[in-house]
Amino acid sequence: MEKLTIGTVQIDCNMENKEDNIQKVEKILDHYGPKTDILCFPELFTTGYHLEQIDQNKFYELAEEIPGPTVTRLSQKAKEYHTAIVGSIVEKDRDLQAVLYDTAFVINEKGEYVGKYRKAHLYPTEHQYFRSGSSFPIFKVFGIPVGVAICYDHAFLEQFRILALKGAQIIFIPSVIPKNYEYLLDLRTRARAQDNQVFTVASNRVGQEGGIIYCGRSKIVNPKGEIVSEGNDQESVVTGLIALGEIDSERKQEPVFRNRRPELYQLLSQTEANS
């Protein structure tokens, strides 16, 4: 497909009420599924995010394997509407059930689960809850290679370059960025798109959990770093039509990947540098 209609969803979540949150998502899919090719949901959209306010034992109860009940339910909607779905939930390790991950799943337009990405760069407060992921996989939806980064991952340009080198044309970013940090969401979503001449799609929470108010401002950004569509700080589904041909056009105009000098970047692979 040369053109796709993308929907990035910014919703408030009912903390710890998984069923309520999934039902809200299903209603969104019923309404927007027929109108979009891919829908992206925010980070930890089934449970809420305020880690300090969620009882740790409850967090383990809310976690699930991937694929599991949530992916199964949403896969039915994906198949019904021929809409691919990306979102992040709390994953319970299949073999070590006391180990949790902040994990994004990808369901293709046929309703098939195609894989998951475990958040690699945990924000400092997340380390006591989650284990880090260790790979940057590529997924196919509509035959198009896509990647995923989760919230704080967008601070690490190396991850986005790796995804682009692996062929990702769209990189989805489920997030929970609070107010007063809008500048990080705005700048990094645009910079990572322009750096790599790809489309980025940020899906950020709205609403409030305890003293945290989430800023929304979900957005779709083109390979020039220009905003295609953008939300405000209220619940909404931000949609935009993207033309994948813009990737090649931008890369021909400025051949960043042809002009790379990886032999000069060896310091990036030295884990002790500036540690």
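This dialogue reads selected features of a predicted model, from its sheets to its aromatic pairs.

Me: In what order do the strands of the sheet that contains S1 lie, and is the pairing mixed or uniform?

Reply: A sheet is read from one edge to the other. Here, 6 strands form an open sheet in the order S5-S4-S3-S2-S1-S14, with mixed pairing. S5 and strand S14 (236-243) are the edge strands, each pairing on one side only. From one strand to the next, the twist averages 25°.

Me: Which way does S1 run relative to S2, and which way relative to S14?

Reply: The direction is read for each pair of strands in turn. Strand S1 (residues 3-10) and strand S2 (residues 38-40) run parallel and are joined by 3 bridges. S1 and S14, in contrast, run antiparallel, with 8 bridges between them.

Me: Which residues in the neighbouring strands are the bridge partners of Leu4, Ile6 and Gly7?

Reply: Bridge partners are read residue by residue. Leu4 has Ile242 as its bridge partner in S14. On the S2 side, Ile6 is partnered by Ile38, and Gly7 by Leu39.

Me: Why can S1 be described as largely enclosed?

Reply: The reading rests on how many residues of the strand are buried, which here means under 20% relative accessible area. In S1, 6 of the 8 residues are buried, so the strand is largely enclosed by the rest of the structure.

Me: What unit do S1, helix H1 and S2 make, and what is its hand?

Reply: Two strands and the helix between them are read together. S1, helix H1 (residues 18-32) and S2 make a β-α-β unit that is right-handed.

Me: Which strands does helix H3 lie across?

Reply: A helix packed on a sheet is described by the strands beneath it and by an angle. Helix H3 (residues 69-81) lies across strand S3 (84-92), strand S4 (100-107) and S5, and its direction is at about 20° to S4.

Me: How is the sheet that contains S6 ordered?

Reply: The approach is as before. This open sheet has 6 strands in the order S6-S7-S8-S9-S12-S13, and its pairing is mixed. Its edge strands are S6 and strand S13 (227-230), each pairing on one side only. Neighbouring strands are turned by 25° against each other on average, direction ignored. At one end of the order, S6 pairs with strand S7 (residues 144-148) in the antiparallel sense over 3 bridges. Within that pair, Phe139 stands opposite Val146 in S7.

Me: How many aromatic pairs does a search of the whole structure find, and how is one of them read?

Reply: The search finds 9 aromatic pairs. In one of them, the ring centres of Phe59 and Tyr129 are 6.1 Å apart and the planes stand at 80°, so the pair is edge-to-face. The two residues come from distant parts of the chain, 70 residues apart: Phe59 is in helix H2 (residues 56-62), and Tyr129 is in the loop between strand S5 (113-118) and strand S6 (139-141). Both Phe59 and Tyr129 are buried.

Me: Are Tyr152 and Phe156 buried or partly exposed?

Reply: Tyr152 and Phe156 form another edge-to-face pair, at 5.2 Å centre to centre with 90° between the planes. Tyr152 is partly exposed, with a relative accessible area of 25%. Phe156 also counts as partly exposed, at 24%.

Me: What other aromatic arrangements are there to read?

Reply: Rings may form a cluster or lie under a charge. Phe41, Phe45 and Phe105 form one aromatic cluster. The charged end of Arg118 sits over the ring of Tyr101, 3.8 Å from its centre. Arg161 lies over the face of Phe257, at 5.0 Å from the ring centre.

Me: Where do Thr47 and Ser218 lie, and are they buried or exposed?

Reply: A loop residue is read from its place, its accessibility and its contacts. Thr47 is in the loop between S2 and H2, and counts as buried at 0% relative accessibility. Beyond four places in sequence, the residues it touches include Phe59 of the aromatic pair described above, together with Asn14, Ile54 and Val90. Ser218 lies in the loop between strand S11 (212-215) and strand S12 (219-221). Ser218 is buried as well, with a relative accessible area of 0%. Leaving aside neighbours within four places in sequence, the contacts of Ser218 include Thr8, Val9 and Gln10, as well as Ser229, Glu230 and Val238.

Note on methods
Residues are numbered from 1 along each chain as its sequence is written. This is a predicted model: local features need pLDDT of at least 70, side-chain atom pairs count only at pLDDT 80 or more; totals for chains, interfaces and linings use all residues. Side-chain values use heavy atoms; hydrogens and water are left out. Rings of Phe, Tyr and Trp (its six-membered ring) pair if their centres lie within 6.5 Å; planes under 30 degrees apart count as stacked, over 60 as edge-to-face and the rest as tilted. Helices (H or I, at least four residues) and strands (E, at least two) are DSSP runs, numbered from the N terminus. Buried means under 20% relative accessible area, exposed over 50%, partly exposed in between (1.4 Å probe, protein chains only). A charge sits over a ring if NZ of Lys or CZ of Arg is within 6 Å of the ring centre and within 35 degrees of the ring normal. Two strands pair if DSSP finds at least two bridges between them. Axes are lines fitted to C-alpha atoms, for helices over the stretch in contact, and angles run from 0 to 180 degrees between N-to-C directions. Contact means heavy atoms within 4.5 Å. A crossover is right-handed if, with the strands pointing away from the viewer, the path from the first strand over the helix to the second runs clockwise.
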